[in-house]
Amino acid sequence: MPPLRGAIPPVLLVCLLMTGCSSVQLGTPTPSKTQNSEPGAAAGAGRAIAVGAGPQKHYTVQQQPAAHSCHYRSEHGEPLEDPTCTPGAISPAVTQANLKSTICRKGGYTSGVRPSAYVTGKEKRLNAASYGYTGRMGDAEYDHLISLQLGGDPNDPRNLWVEPADPGHKKGAGVNNKKDPVETKLHTAVCKGQVPLAAAQQAIVTDWTTALTVLHLG
C-alpha cells in the first residue's frame, strides 16, 4: 500500500490535518454560497424570482420563446410550465409593505393592471407555438404563473404561458383549471398574514400543485 502522503494531494492532506476542515470530501467540490437579497426570494429559496417592469399605461406585445422550444411537464397529473421558458416574474409595484394598498385592497387590484385582450390574444398565439400547443385555444388559459393577485408581473413573458386544460376536461367547455383556486387560497392567506408574500410566490413558481401543502394551507 502506498504511503498516505502519496495517495492524497498535499493541499487536501494539510486541510484534513487542520481543524475546521472535516467537511471536505475527496473528489467532491465544495459548493459556493451566495447571499440572495433580491425581491421575491423567499427565505431558504434556491433562487430569486425575476422582477419585471410592473404595471404599464400601455402594454405592447412581448416577444415569446422560439417555436417548439418550450416543453410542458406533468406533476400529480397536472400540466406544469417549462421552468426555462417560464420561470416567473414579479411586479416591483407589489411588496410585503404595501399589500393593503395593492393586492389586498378593497375594490380589487387586478383589473387595473391587466393587459388588454388585444395584447394578450396575440401573445397567447405566439406562446402556444413556443410550447407546441395544438389543442383548442378556447380551452387553454394564457396564465400568469405568479398570478396578478399574488403580485405577478402583468406582461413579462417570463411570467406567462399557455396552460393546457386539466386532464379529463371536456373539450369546448372553456377554461377551468385547478390552479386558479390554489391562487385564490394563497392570496387569502397572504392578505390574512398567514404566509409572507415572497413565500407564496416562491411556492407557486416551484410547483403550484404542491404550493398549499408546502405552506401548510391544506
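Mentor: A residue is called buried under 20% relative accessible area, exposed over 50%, and partly exposed in between (1.4 Å probe, protein chains only). This is a predicted model, in which local features need pLDDT of at least 70 and side-chain atom pairs count only at pLDDT 80 or more, while totals for chains, interfaces and linings use all residues. Residues are numbered from 1 along each chain as its sequence is written, and side-chain values use heavy atoms, with hydrogens and water left out.

Trainee: Which residues of α3 are buried?

Mentor: In α3 (helices are DSSP runs of H or I, at least four residues, and strands runs of E, at least two, numbered from the N terminus), V119, T120, E123, K124, N127, A128, S130 and Y131 are buried.

Trainee: Why are the buried residues of α3 said to line one face of the helix?

Mentor: Seen down the axis of α3, the directions from the axis to their C-beta atoms fall within an arc of 160 degrees, so these residues line one face. On the other side of α3, Y118 and R125 are exposed.

Trainee: How many aromatic pairs does the structure hold, and what makes the pair of Y131 and W161 tilted?

Mentor: There are three aromatic pairs. Rings of Phe, Tyr and Trp (its six-membered ring) pair if their centres lie within 6.5 Å, with planes under 30 degrees apart stacked, over 60 edge-to-face and the rest tilted; the centres of Y131 and W161 are 6.3 Å apart and their planes stand at 50 degrees, so this pair is tilted. Y131 belongs to helix α3 and W161 to strand β6, so the pair ties together parts 30 residues apart in sequence.
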